[in-house]
Amino acid sequence: MDESYKNRTSLVKGAKDIAKEAKRHAAKKVSKVVNRAADEYSSQRNYSQFQNEDDDDDDGRYAYTQPDGNDGLTAKDEDEEDYASDATEGHDDEDEIYEGEYQGVPADGKPRDGHDSLGQLVSDSMRDRKDLEQERQADEEELAQQYELIMQECGHGRFQWQLFFVLGMALMSDGVEVFVVGFVLPSAELDMCVPNSGAGWLGSIVYLGMMMGAFFWGGLSDKVGRKQCLLIAMSVNGFFSFLSSFVQGYGMFLFCRMLSGFGIGGAVPIVFPYFAEFLAREKRGEHLSWLCMFWMIGGIYASAMAWLIIPHYGWSFSMGSAYQFHSWRVFVVVCALPCVCAVVALTFIPESPRFFLEMGKHDEAWMVLKQIHDTNMRARGEPEKVFTVNRIKLPKHLDELVEMQSDSANPVAKVLFRIRTELRGIWLTFMKCFNYPVRDNTIKLAIVWFTLSFGYYGLSVWFPDVIHHLQSDEYASRVQTHNNERIEDFTFNFTLENQIHTNGVFVNDRFISMKLKSVTFIDSTFQNCYFDDVSTVGSLFKNCSFVEAFFYNTDIDDSKLVGSRVINSSFHHNKTGCQMTFDDDYSAYWVYFVNFLGTLAVLPGNIVSALLMDKIGRLSMLGGSMVLSGISCFFLWFGTSESMMIFMLCLYNGLSISAWNSLDVVTAELYPTDRRGTGFGFCNAMCKLAAVMGNLIFGSLVGITKAIPILLASTVLVGGGLVGLRLPDTRGNVLM
């Protein structure tokens, strides 16, 4: 009996000791919260608040242990602990506890948080994943606030401007790639003798490659890093861009341009999140808008190079009749130079410190932040200024089951396994973009990206085609017609252009070193005529008769002899391939000049959006720009001349650029760091999908009707602008 009584007394004392200890720790936590709030008001930049808040933190990330094993307890703490233990020897009604509470079971019968029904602590692997995610969310919010203060201490200066120009070169390459497609398309299809059934595939295949690349590289940047992904993506683009300029077959050319598009597709989804993570909140909107100017510079560069290079047919060489390197191939090589410059410059810039912190790499992030601080302070003439941050909060990492590959597997199996693992990781991160609370934002952003791209790229195709259609009508109105003519013993050694010859008779005539441009012979007879070194562009012989004619080194073949009869005639050393000529080609110069003006017209919009982005807000600029762009489409009803259409093109581009800039900023700021690249990549993939659809739909309506393109573009732009106004305002947000 005495023994059981002693055991029960010891049990009660132990329970009281635990109760006292729990109260002491609770009071200690409350006092720390109060001190933390006081510190926030007493110091402008206080980083200690983000360090260890709980001495009993069991995650081991910042635990500090004294050499003697006392876990860093001071003498005062030990005295308090002894005093609390002594106090349990007496009986106090206030300290009465339910007997089962010693085992962790409260009086109401429900287990406490972090304990099972027997009072045992539950490990992290057994706890509800939702609780762990809430802890991680709290860590992310705390890290976001601290990171903002750190970026303010690092300042904005030389480092950000260096990064600005390096990433600008990458963004410039994306703008060049988009314009290269339109400029090269007519020349490449003509040079490679592409039939009408294969025409237009080049534009679509490049955008499809960019769509896949945007999704892949954007998602991968959240896994392996911004810098590494951007470097690989730009290298892929540069390599296949150069290769495409040398291949001869149209199929191989399409394949190279698709892979080139796949590489450059990673530029936009990585560049904007990458640069945003080096900027403080008050600088982010303005400088991301300035960065958008490089896309415009890329368009201007491509237009100027096309204007200077492509029409010059003499800028070419050939190796026999099988290999020909025309001027448009020189243009492709020149347009790959910005990408090469970007790849070289990217090797000298560091990885995003925000990404390092997200991956739990504290020391690497600290080194990059110190580099930013020291670079900017030296540029300001304050090299003695010390970087005061010594500890940065890291978010709690959730344990995930990872399938491991055997070390004995062959290299091919390892590579395939790594690819499958990365793709699975990208997909899982993409699915997180549709989790609360970013799900609604993802859907709205996808709608805005799709509608803005559909209207922009659709009209970008429709405008030049309409201008070309007007030019063709004017060119056809100036055609010269010759009927029932008879020419004998005459030598043609000059260019014939824009003519129609009907029921003509040519006897003993010589066609030597000449060109036929848009010339059609109908029901004509060529008797005993000699053709030597004759090139034709857009010329046909319909229902004609060739009697005892001799052809040497010409490109006249069955495709140009439509319904014609060839009697006792011979062909020798015919030219192979499709013949190209841009000599004095006014229309070629005009197309490049129009695109140059349209791209240059966005400069005022770029400047305005950069200066006002943080003043009037992202959403107001996004919605207002899209609505105004949609309204401006109605003025296309009055576009009955080339000059009027060019003016409307410049107006539309100038109004829509503000929407593009604000959309880039909003997308970079809405997503948390662990899925920022993935979300941006998905939105940009929707952009490229809309570009393909816009090219196909608007391109099919050229010369048919104006009503459908105008109403379609206006509707999608205004609708997308209204959806954009429903997005949350990110002007005052820190990067989560």
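The backbone nitrogen of Cys544 sits 3.1 Å from a polar atom in the side chain of Ser564, so let's start this tour there, with the 19% relative accessible area that makes Ser564 a buried residue. Keep in mind that this is a predicted model. From Ser564 we'll step back to the whole chain, then look at one helix and a set of paired strands.

**Around Ser564**
- Ser564 lies in a loop, with strand S14 (561–562) on one side and strand S15 (565–567) on the other.
- Is Ser564 buried or exposed? With a relative accessible area of 19%, Ser564 is buried, because the cut-off for that label is under 20%.
- Besides the pairing with the backbone nitrogen of Cys544, the Ser564 side chain reaches the backbone oxygen of Phe541 at 2.9 Å.
- Leaving aside residues up to four places away in sequence, Ser564 touches Phe541, Lys542, Asn543, Cys544 and Phe546.

**The chain as a whole**
- The chain holds 21 helices and 16 strands.
- It has 736 residues, and 46% of them count as buried.
- Take the contacts between residues at least 6 apart in sequence: 67% of these join residues at least 24 apart.
- The accessible surface adds up to about 35400 Å², and carbon and sulfur atoms account for 59% of that.

**Helix H13**
- Helix H13 covers residues 362–379, which is 18 residues.
- How far apart are the end C-alpha atoms of H13? They are 26 Å apart, and that agrees with the 26 Å expected at 1.5 Å a residue, because the expected span uses one less than the number of residues.
- The buried residues of H13 include His362, Ala365, Val368, Leu369 and Ile372.
- Further along H13, the buried list also takes in His373, Asp374, Thr375, Asn376 and Met377.
- Just after H13 comes Gly381, with a positive phi of about 80°.

**Strand S6 and its partners**
- Strand S6 (residues 496–502) is mostly covered, with 5 of its 7 residues buried.
- Strand S3 (residues 480–483) runs parallel to S6, and 4 bridges join the two.
- Across that pairing, Ile500 in S6 stands opposite Thr481.
- Which strand is joined to S6 by 6 bridges? That's strand S8 (residues 510–522), and this pair is parallel too.
- Thr502 has Ile522 in S8 as its bridge partner.
- As a general point, side chains in a regular strand alternate between the two faces of the sheet.

Terms used: Residues are numbered from 1 along each chain as its sequence is written. This is a predicted model: local features need pLDDT of at least 70, side-chain atom pairs count only at pLDDT 80 or more; totals for chains, interfaces and linings use all residues. Side-chain values use heavy atoms; hydrogens and water are left out. Buried means under 20% relative accessible area, exposed over 50%, partly exposed in between (1.4 Å probe, protein chains only). A polar contact is a pair of N or O atoms within 3.5 Å; within protein, one must be able to donate a hydrogen and the other to accept it, and residues adjacent in sequence count only if both atoms are side-chain atoms. Contact means heavy atoms within 4.5 Å. Accessible areas come from the Shrake-Rupley method with a 1.4 Å probe; for residues, only the protein chains shown count as cover. Two strands pair if DSSP finds at least two bridges between them.
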